[in-house]
Amino acid sequence: MPRRTATMLASTLILIALLCAGVLIKVPYSEMSPGPTVNTLGDVEGDPVLRITGHKTYKTSGNLNMTTVRVTGADYSMNLVEAVSGWLGHDSVVVPHDTLYPDGKTEEQSTQENAEEFSQSQESAKVAALKELDIPVTSYVVVSSVVKGSPAQGKLHAGDIIENVDGTAVEKPEDVAKLVTKRKPGQDVVFTVIPAKTAAAAEKAGKKPEGTEKVTLTTVKAPEEDRAIIGIKAGTDHTFPFDIDIKLADVGGPSAGLMFSLGILDKLTPGQLTGGEFIAGTGTIDDAGKVGPIGGITMKLVGARGAGARYFLTPDDNCEAAAADTPDGLTLIRVKTIDDARKSLDKLRAGDTAGLPSCSAG
């Protein structure tokens, strides 16, 4: 065999061996890529994403698209070839597996956590939008969950409204832990609550929940900490003056909060918030209307531009990273609160693009 032919054959065999090894070698990485975008003003499979009943609504136009990121599953192991391809590509990001699934979290656990965060973001979006419009919302501190095997199991239940702890009124979820930890492990603490069933019946009847009960619990020592606990997680529940239904399946996490709140604002106010423009965005939102950062910002920018967006509402804390890698044709608008976003859309509608708060790469 001629030397040139032998060399080419050997090189080819080595390349094939390397490719096979690359496919077989598993690496501890996961991939993030642009996910679908959804217009919060539109429909999905014939059903409106936002449906409001019991209050006057107005016609909307344009797009207020929430954005998503696709990630590989917790149980999926990337091979070396996939990882290298992801590193070299522009439309995906390869990150350490533990970044997406810390502490050995399973895909099922991650999905459940994302579903809970998504549900909470919907509630906060409703509250923030109505507060922005000065529409009253009644809020309660409630039992969000009860730890199995804890002193609270069987005595307190998810949905119970917590009126006070040891006679001290509770105004925020964090008040509950502060009051419980005033006791030493082994001491009793008294909760005054409105049972979840009573609260649900009152809400269904459109009445204020009434009828408290006292529940005495014996505290225990927290694992690895010398403080008293009773085994519940406190949260906030709300009673709205009319129905706001957000219908969107197969989406998780809290990052759609801002766009849901703006969609609700648009439907509840005359005129058209977008001015007919295609606007996308992202950001968590709390009950006070503060916008928080999210993960996967660069992937969301790519997905938004690919869907046709011209403007992107960007959380303040994500601005620097977004500005460093912005797709052509997409203008970033910096937002810190729902009020910021609303004022920026007013400027955009008026043609004052120079006055829009922008993001810089630092």
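**Exercise 1. The second largest pocket**

Task: Find how much space lies in the second largest pocket of this predicted model, and describe which residues and elements line the pocket.

Solution. About 640 Å³ of space lies in the second largest pocket, and the model in which this pocket is found is a predicted one. The next step is to look at the wall, where 21 residues form the lining, and those nearest the centre are Glu-116, Gln-120, Ser-144, Gly-235 and Thr-236. Turning from residues to elements, helix 4 (107-132), strand 7 (138-146) and strand 14 (232-239) are the elements that each give two or more residues to the lining of this pocket. Helix 4 supplies the largest share, with 6 residues. Sorted by character, the lining holds 5 nonpolar, 8 polar and 8 charged residues.

**Exercise 2. The chain as a whole**

Task: State how many helices and strands the protein chain has, and what percentage of its residues count as buried.

Solution. Counting elements first, the secondary structure of the protein chain comes to 10 helices and 20 strands. The chain has 362 residues, and 42% of them count as buried. As a last step, consider the contacts between residues with a separation of 6 or more: 75% of these join residues that are 24 or more positions apart.

**Exercise 3. Strand 16 and its partners**

Task: Determine which strands pair with strand 16, and which way the side chains of its residues point.

Solution. Begin with strand 5 (residues 63-71), which pairs with strand 16 in the parallel sense over 4 bridges; in this pairing, Asn-63 has Phe-278 as its bridge partner. Continue with strand 19 (residues 311-315), which also pairs with strand 16 in the parallel sense, here over 3 bridges, and in which Leu-313 stands opposite Gly-281. Finally, look along strand 16 itself, residues 278-281, where Phe-278 and Ala-280 point one way while Ile-279 and Gly-281 point the other way, all of them being buried.

**Exercise 4. Two residues in the partner strands**

Task: For Thr-68 and Phe-312, decide whether each is buried or exposed, and list what each touches.

Solution. Thr-68 is placed in strand 5, and because buried means under 20% relative accessible area, its 13% relative accessibility makes Thr-68 count as buried. The side chain of Thr-68 reaches the backbone oxygen of Pro-36 at 2.6 Å. Leaving aside residues up to four places away in sequence, Thr-68 touches Pro-34, Gly-35, Pro-36, Val-251 and Lys-300.

Phe-312 lies in strand 19 and is buried, with a relative accessible area of 0%. With residues up to four places away in sequence again left out, its contacts include Thr-67, Ala-280, Gly-281, Lys-300 and Leu-332. A separation can be added for Val-335, which is 23 residues from Phe-312 along the chain, the two C-alpha atoms lying 10.0 Å apart.

**Exercise 5. Helix 8**

Task: Work out how many of the residues of helix 8 are buried, and what follows the helix.

Solution. Helix 8 covers residues 297-307, and 8 of its 11 residues are buried, so that the helix is mostly covered. Among the buried residues are Ile-297, Met-299, Lys-300, Leu-301 and Ala-304. After the helix comes Gly-308, whose phi is positive, near 115°.

**Exercise 6. Strand 10 between two partners**

Task: Explain why strand 10 is described as largely enclosed, and name the strands with which it pairs.

Solution. Strand 10 (residues 188-194) is largely enclosed by the rest of the structure because 5 of its 7 residues are buried. Strand 8 pairs with strand 10 in the antiparallel sense over 4 bridges, and Asn-164 stands opposite Thr-192 of strand 10. Strand 11 (residues 213-218) pairs with strand 10 in the antiparallel sense over 6 bridges, and Val-189 has Leu-217 in strand 11 as its bridge partner.

**Exercise 7. Positive phi outside glycine**

Task: Locate Glu-45 and Asp-166 in the chain, and compare how accessible they are.

Solution. Glu-45 has a phi near 55°, a positive value in a residue other than glycine, and is found in the loop between strand 2 (43-44) and strand 3 (47-48). Asp-166 likewise has a phi near 55°, and its place is in the loop between strand 8 (161-165) and strand 9 (168-169). For accessibility, Glu-45 is exposed, with a relative accessible area of 80%, whereas Asp-166 is partly exposed, with 31%.

Note on methods: Residues numbered from 1 in each chain as written. Predicted model: local features only at pLDDT ≥ 70, side-chain atom pairs only at ≥ 80, totals over all residues. Heavy atoms only, no water. Buried < 20%, exposed > 50% of the residue type's maximum accessible area, 1.4 Å probe, protein only. Pairing = 2+ DSSP bridges. 1 Å grid on protein atoms, 1.4 Å probe; cavity = no way out; pocket = protein on both sides within 12 Å on 5 of 7 lines; lining within 4 Å. Points joined across faces, edges and corners; volume = space filled by probe spheres on them. Nonpolar A, V, L, I, M, F, W, Y, C, P; charged D, E, K, R; others polar. Polar contact = N/O pair within 3.5 Å; in protein donor to acceptor, adjacent residues only side chain to side chain. Contact = heavy atoms within 4.5 Å.
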